[in-house]
Amino acid sequence: MTARELKVPGIAYGGDYNPEQWPEEVWAEDVRLMREAGVTMVSVNIFAWALLEPKEGAYDFSRLDRILALLHENGIAADLATPTAAPPAWFFRAHPDALPVDKDGRTLSYGSRQTFCPSSPAYREAALRIARVLGERYADHPAVVMWHVHNEYGCHNGECHCDTSAAAFRVWLRNKYDDDLAALNHAWGTTFWSQWYYDWDEIIPPRPTGAVPNPTHQLDWRRFCSDELLSLCKAEREVLLEAAPSTPATTNFMVMYNFDKLDYWRWAPELDIVSNDHYLQSTDPESQIDIALSGDLVRSLAGGRPWLLMEHSTGAVNWQPVNRAKTAGELRRNALSHVAHGADGIAYFQWRAAKAGAEQWHSAMLPHAGTDSQIWRDVVRLGADLRSLAEVRGSEGVAEVAIVWDWSAWWAVELPSQPSEEVRFQDLVRAWYEPLWRSGVAVDFVRPDADLSAYKLVLAPSLYLVDDEGAANLTGFASDGGVLAVGFHSGAVDENCHVRLGGYPGAFREALGVRTDELFPLLPGESVGLSGGGTAGLWSERVALAGAEPVATYTSGPLTGVPAVTRHTHGSGTAWYLATLPDPTTLASVLDRIRADAGVEPVRTTPEGVEAVLRRGPDADYLFLINHGDEDAEVRADGTELLTGKAAEGGSVKVAAGDVAVVREPR
């Protein structure tokens, strides 16, 4: 636990509160309804810069003073945001060079949010100025329990290709390569296509060019963009820390299916509390899996500690092609799923649905229809549920399985000119995660160089890029007695995107006991047969055994008879290789065998459609049972069901279709 903790009891509950969008007479009604719903904390001031600073250096805090006073009088804590995600129009009129430039050279205009260049000195100066004034004014305010730094860094301006950014990129490169231009040329492989640089000023961002850009140039650019935004976050955090040394700070990550701009392994250690925003994808028929995967990853980013869900939706969002409302019971299941996977706070965007602006069709805790609505009734019920779960706060997840997740590997495998553009990092990770989720197996996520001593099984579904340290750590885990499973096209390149020569899968070849001399990616929709009756798609390769034993072979296509899945004894452990993507049923069967090899058991055996998740406290375990199915279910459990207060009878608990149970099981 960090020294700076969130001083809100139990599971914090609330959402973004934007009272500046409404007449002041509405505010009293807001806080009355917040109390009715059980709201304990709201995020305020996120997009209020234009009202706080109507012109440069002139401030008006009167509105915010009244808002914070009203919240405090009603026992509602404030997560006070720095409003730096949306600079006012006057700022851009004074500093037009702070506007971002896209990769095609177009300067974007102000008029929405996050339309600033992350490298702009003028923006940094203005952002730190407003953060400092805000921090000093409210450092000791009794309502303020946490600083909310900025909002969703990189959501709309993850990259800026302007000349200011180019200069900052060169500074970052000079630091990374110790001011050695020859080292950069070597790392980037610039002898190819006559790209050799003789002067740092020749280096620009990877803008559109006539052919395929240099892959290492692109990769270092992605790393720079993440670090440049992180430098802004750290600078604001330091200003707030100076003003209020004991107040924790957070910023909201976006660990979900559609965001890949930031390397959150580098961000998480800079925060007192890790927070996340998560929204469902309307076209995903099983979005509950994405909730679980995201929650497990955020918990892992937090070092296994609880975290806060800073935003999700009560119903439909407004930014997808088709925005669907949530079905009966889904609001509750979604929220309690996040709690199951480690969230100690549940918050929504936003408290009151906006009647104007770009997000007027985004759902909220208090919808356009008001309190005579299903959403409102669900919001009130959820508040009561979270009060019943107060004792769960601070309990942690327990996992014997780790999945390797690396943002550089993600960025690298999806660069242009790969053997197949159909290979997508998140798709592969989810394909491997899903069978474990269905089986009730707890999962952590780890960096390639993480301490793996707590795990029996480590999975690397997609680790195209890995440095020597990470590769040695993973193969050493197997050598020391663990079970390691590696997916195809992993270990192929080093941290500079240089191919590891001598055959694939590169860094893992010896540990896996195989050698591939040729890749045979499959066309969209194409499949090949596997021994045992399954099929495989997306990828295949010509694997030769070098100590490993075949577990499955291809039964059709150009590689008939060639191993597709292998197992190899490495040191005192075992290393598996999946040189293809089996169909979901076959993949689940293979992973079942692998985890049996490792001696990994599920949290609890459940009927199909019932998710089982365990959080461990000092004196008790908390078993979350989430029924995503259409039929009632019964699961083995022994203790008290917290949402109803009833004891589990006969060593089991009944979970109705679409319902949730949380059982305290004393140890």
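Here are some friendly notes on the sheets, aromatic rings and a few single residues of this predicted model.

1. Let's start with the nine-stranded sheet. Its strands follow the order 5-4-3-2-1-9-8-7-6, the sheet is open, and the pairing is parallel. Strand 5 (249–250) and strand 6 (252–253) stand at the edges with a single partner strand each, so each has one side without a neighbour in the sheet.

2. At the strand 5 edge, the partner is strand 4 (residues 144–148), and two bridges join these parallel strands. If you want a residue to click on, Trp147 stands opposite Ala249 in strand 5.

3. A helix is also worth a look here. Helix 11 (residues 330–340) lies across strand 8 (307–311) and strand 9 (343–348), and runs at about 145° to strand 9.

4. Next comes a three-stranded sheet. It is open and antiparallel, with the order 16-17-22. Which strands stand at its edges? They are strand 16 (527–529) and strand 22 (581–582); each has a single partner strand, so one side of each lacks a neighbour in the sheet. Strand 17 (residues 535–537) pairs with strand 22 over two bridges in the antiparallel sense, and Ala536 has Pro582 of strand 22 as its bridge partner.

5. Now the aromatic rings. The model holds 31 aromatic pairs. In one of them, the ring centres of Phe169 and Trp221 are 5.1 Å apart and the planes meet at 85°, so this pair is edge-to-face. Phe169 belongs to helix 6 (residues 163–176) and Trp221 to helix 8 (residues 215–243), so the pair ties together parts 52 residues apart in sequence. Are these two residues buried or exposed? Phe169 counts as buried because its relative accessibility is 0%, and Trp221 counts as buried at 2%.

6. Tyr264 and Trp267 make another edge-to-face pair, at 6.4 Å centre to centre with 80° between the planes. Both Tyr264 and Trp267 are buried. They are three residues apart in helix 9 (residues 264–267), which means about one helical turn separates them. Tyr264 and Trp267 also belong to one aromatic cluster, whose members include Tyr153, Phe253, Trp405 and Phe445.

7. For a charge over a ring, look at Arg352: it lies over the face of Trp22, at 5.3 Å from the ring centre.

8. Finally, a loop residue. Thr606 is found between helix 17 (584–598) and strand 23 (610–616). Its side chain reaches the backbone oxygen of Val610 at 2.8 Å. Leaving aside residues up to four places away in sequence, Thr606 touches Ala612, Leu625 and Val635.

Terms used. Residues numbered from 1 in each chain as written. Predicted model: local features only at pLDDT ≥ 70, side-chain atom pairs only at ≥ 80, totals over all residues. Heavy atoms only, no water. Pairing = 2+ DSSP bridges. Helix = DSSP H or I, 4+ residues; strand = E, 2+ residues; numbered from the N terminus. Polar contact = N/O pair within 3.5 Å; in protein donor to acceptor, adjacent residues only side chain to side chain. Contact = heavy atoms within 4.5 Å. Axes fitted to C-alpha atoms, helices over the stretch in contact; angles between N-to-C directions. Phe/Tyr/Trp six-rings, centres within 6.5 Å; stacked < 30°, edge-to-face > 60°. Buried < 20%, exposed > 50% of the residue type's maximum accessible area, 1.4 Å probe, protein only. Lys NZ or Arg CZ within 6 Å of the ring centre and 35° of its normal.
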